[in-house]
Amino acid sequence: MKACKNAVRTPGLTIRRLDEALIASLFFLWPCAADAFQIEASSENDIVVTGRRPASDVPIVDHYSTESINNLGAISIGEVIARLERRNGGRSFSILVNGRRLANISDIREIPPEALQKIDIIDRSHAGIFGLDPNSNVLNLVLKPSFNAISADASVKQPTEGAATNGVTNLRYTRIREERRLNASLSVQGAAALNARDRPGLFISDRNDALLPYRTLLPSSRSATLTSGIALPIAGISTNISVEANSTATRQITRFFNGNGTSPDVQTSAEAVVRGIIDESRSRSYQLSTTASGNLGRLSWTAEMTGARTESRTGSMASRMTVNASTSALSALLPNKFEALDVDSGGDSLTAALAGTGPLLKLPAGDVTGSVRLSRSVQRLRTRSLTNPDGSTLFRQHRSRAHAAIDLPITGSDQPIVGQTSLSANGDYEYVTGVGVLPAYDLSLSWQPIAMLSLSIGRTVTKAQPPLGRNRDPVISIPGVLVVDNTNGQNVLVTRISGGAPDLRAAGQVDQSARLNLNGSIGATALSATIEYASTAIVQPIIFAAYPTPLFQQLFPARFTRDASGRLTAIDVRPFNGTEERRKQIRSTVHAAGHFAGSDGDWDMNISHGWLLSDRLRTEVPGRIIDLLATPLDGIQGTSRMTANLDASASYEGLRLQFGSRWRQATQARDITAAQPYSIRYGPLWTIDTEISYTFRRVDHAGAAEGKPLRVWLSVENLLGRRLRVTDSNGATPPAFQQGFTDPTGRVISLRMSKVL
């Protein structure tokens, strides 16, 4: 392998911070990668080991061709993944790239979707052989062997009712030559705030306090993200390096204080006015990941290492906005001086992993495949409260994990009637300092009687410790926060307690499922369908409620503080452990794609349906079981038994049309704490999204496209402007469920453009 000709030597340079190391690696490795592409063009006799794991040795439950990917109308691979997850009922996927697991795919997400050759969806019963979560299906993103593009895109979103404008611009570079890849992207985003006064028609004027119009419903934000990825084969080893840096800032007003408009600390005016408090959060994150993979005989191995650093600071300032105190019924309850919020926190983490996969022995039905993955991580969390020096913390946690998986073929596909059967088993042993051992295992049995049909049953047992921040983040008390008390519908000012919960314990979970998959074709139409029954039992589930119902307050009174008159004065929104939750549900998905007869057009359609059969929570009170479908604890939208999604698209030459529909069943929640029969009805909600795009290309005299294309999208989210309607037993809308709270944006129009440079 030739040395990098453009390598930059910097004697005397000392890198003291991780962010400096990331930026240095980005600029120092870029010329090396450029040389690598030049070497490839001039080294025709070099032998390159691609190291791609074939997808044919695991069952494929769904497949997206180049045409189907184009019909998704995405602008990046990350958006492709998001749209597929929406088609999957909102459930996430584990990700492979060219059949291999990478330490980080943030740079892959920014590559244009035109670089994808195909996408295979692998059944979750075989996720463990890749060292992935057995509860999620696997997306295998297969990149084209050759792709080159420099593109710029911009988009703007605007609710038709005004305010909350959102804009994003991206600049992307991608170059792929077999196993060599160089890509980079820069993204800048900004969003304007949405305040209650921007949606006066969504609030009941005679049931709200005069402070409400000045409360922020959606915060303003701005962010910038830089990602870069490099893939190089070095002496038969496929090496991937991914770099990501992000900076984000948000601002909002949700609390107030009594002030005279001149000084936030001292009140000197005889006639006080109310001022808002702007809470601002700023965060930066940096991540550097490397992955090396190759083959030793029939063994495929992967080594990963990821280092990350996060820095965040939350502060506050007095707003210039003033309100006449006499117009607010809550003015006497407001804090009499500005309560500053100033918290500085950050964290560092380093993770290393080594994995190997290969055949263990040969049976008449096929090879027995096994995999082992060993990982070690260390995470450090530091927090400092500038307003409360005693609130500073420094905590370090180590995690060691061993994962083993085996795929055992029982019968081969050549067996008549019986067909192909296989058993997959996974085991995890994780040790966490300060917590102990967290074991897990998964067993799956798959039966494929014919090539296009498969049946899988599985059982997964896991025990997972909450993220370190949920335990060790500083406890923050914010006074003067305007909320609605769900027990009486009154606007109140409370002290909101958030942050880490030191007594939060690990949650144990048992999942059992049975799935029937169909994947084949009918004539020229590709068809796949899945129906699944899933049962979940969670011991010590982690509970938190953004909009606690009266039942929630009755079951967990320690989370709420009231004064002698019964007025709500404080809410503790930190997560905590429950006793046990059990859910049963049925999910189904149908995906079909094909071409229009006699034309160059093609179409794609996906239908998904979810049916929640039961959801019950056992409380600490003996014999007390709560039906969460009939009496939900978090009351902003209720819990629908049935949901359905439809996505359809069609394209012809440069024109593409897309249609999406979302439906959720109406539900009624009984308030079993009320003295008189009382219930809240969440109406049905049916929304429609539409999108049209066209690709402009120059055409030569022979009718062939030439030049660099320009693509334009026009989309409308929630075309009919429908919003969730919530009413009580009296037919009135409770103050906590006003549409300004449940859906302040409504219909949104988006315009996007992408140009190949």
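Biologist: Which residue lies over the face of Trp713?

Modeller: The model discussed here is predicted. In it, the ring centre of Trp713 has a charged side chain at 4.8 Å. The residue that lies over the face of this ring is Arg752.

Biologist: Which residues are joined with Arg752 into one network of salt bridges?

Modeller: A search of the whole structure finds 40 salt bridges. Some of them share partners, and Arg752 belongs to a network built in this way. The other members are Glu79, Arg83, Arg656 and Glu691.

Biologist: How many helices and how many strands are there in the chain?

Modeller: The chain has 757 residues, and buried residues make up 48% of them. Among contacts between residues at least 6 apart in sequence, 69% join residues at least 24 apart. The elements found in the chain are 6 helices and 38 strands.

Biologist: How many residues apart are Asp647 and Arg86, which form a salt bridge?

Modeller: The closest N and O atoms of Asp647 and Arg86 are 3.2 Å apart. Asp647 belongs to strand S31 (residues 642–652), whereas Arg86 belongs to helix H3 (residues 77–87). The pair therefore links distant parts of the chain, and the separation in sequence is 561 residues.

Biologist: Is Asp647 buried or exposed?

Modeller: A residue counts as buried when its relative accessible area is under 20%. The relative accessible area of Asp647 is 1%, so Asp647 falls under that cut-off. Its partner Arg86 has 31% relative accessibility and counts as partly exposed. Asp647 itself is buried.

Biologist: Which residue meets Asp348 in a salt bridge?

Modeller: Asp348 lies in strand S14 (residues 343–363), and its partner lies in strand S15 (residues 366–385), 34 residues apart in sequence. Asp348 is buried, with a relative accessible area of 17%, while the partner is partly exposed at 22%. The N to O distance is 3.0 Å, and the partner is Arg382.

Biologist: What is the N to O distance in the salt bridge of Asp572 and Arg574?

Modeller: Both Asp572 and Arg574 are buried. Their side chains meet in a salt bridge, with an N to O distance of 2.8 Å.

Biologist: How many aromatic pairs does a search of the whole structure find, and which residues form one aromatic cluster with Phe576?

Modeller: The search finds 7 aromatic pairs. One of them joins Phe552 and Phe576 edge-to-face, at 6.2 Å centre to centre and with 70 degrees between the planes. This pair links Phe552 in helix H5 (residues 550–555) to Phe576 in strand S27 (residues 576–577), 24 residues apart. The residues that form one cluster with Phe576 are Phe552, Phe556 and Phe560.

Biologist: Why is the pair of Phe556 and Phe576 called edge-to-face?

Modeller: Both Phe556 and Phe576 are buried. Their ring centres are 4.9 Å apart. Planes over 60 degrees apart count as edge-to-face. The planes of Phe556 and Phe576 stand at 65 degrees, so the pair is edge-to-face.

Biologist: Which side chain makes a polar contact with that of Gln585?

Modeller: Gln585 lies in strand S28 (residues 580–595) and is buried, with a relative accessible area of 18%. Beyond its neighbours within four places in sequence, Gln585 is in contact with several residues, including Glu532, Tyr533 and Trp611. The polar contact has a length of 3.5 Å, and the side chain in question is that of Arg587.

How values were computed. Residues are numbered from 1 along each chain as its sequence is written. This is a predicted model: local features need pLDDT of at least 70, side-chain atom pairs count only at pLDDT 80 or more; totals for chains, interfaces and linings use all residues. Side-chain values use heavy atoms; hydrogens and water are left out. Rings of Phe, Tyr and Trp (its six-membered ring) pair if their centres lie within 6.5 Å; planes under 30 degrees apart count as stacked, over 60 as edge-to-face and the rest as tilted. Helices (H or I, at least four residues) and strands (E, at least two) are DSSP runs, numbered from the N terminus. Buried means under 20% relative accessible area, exposed over 50%, partly exposed in between (1.4 Å probe, protein chains only). A charge sits over a ring if NZ of Lys or CZ of Arg is within 6 Å of the ring centre and within 35 degrees of the ring normal. A polar contact is a pair of N or O atoms within 3.5 Å; within protein, one must be able to donate a hydrogen and the other to accept it, and residues adjacent in sequence count only if both atoms are side-chain atoms. Contact means heavy atoms within 4.5 Å. A salt bridge is a side-chain nitrogen of Lys or Arg within 4 Å of a carboxyl oxygen of Asp or Glu.
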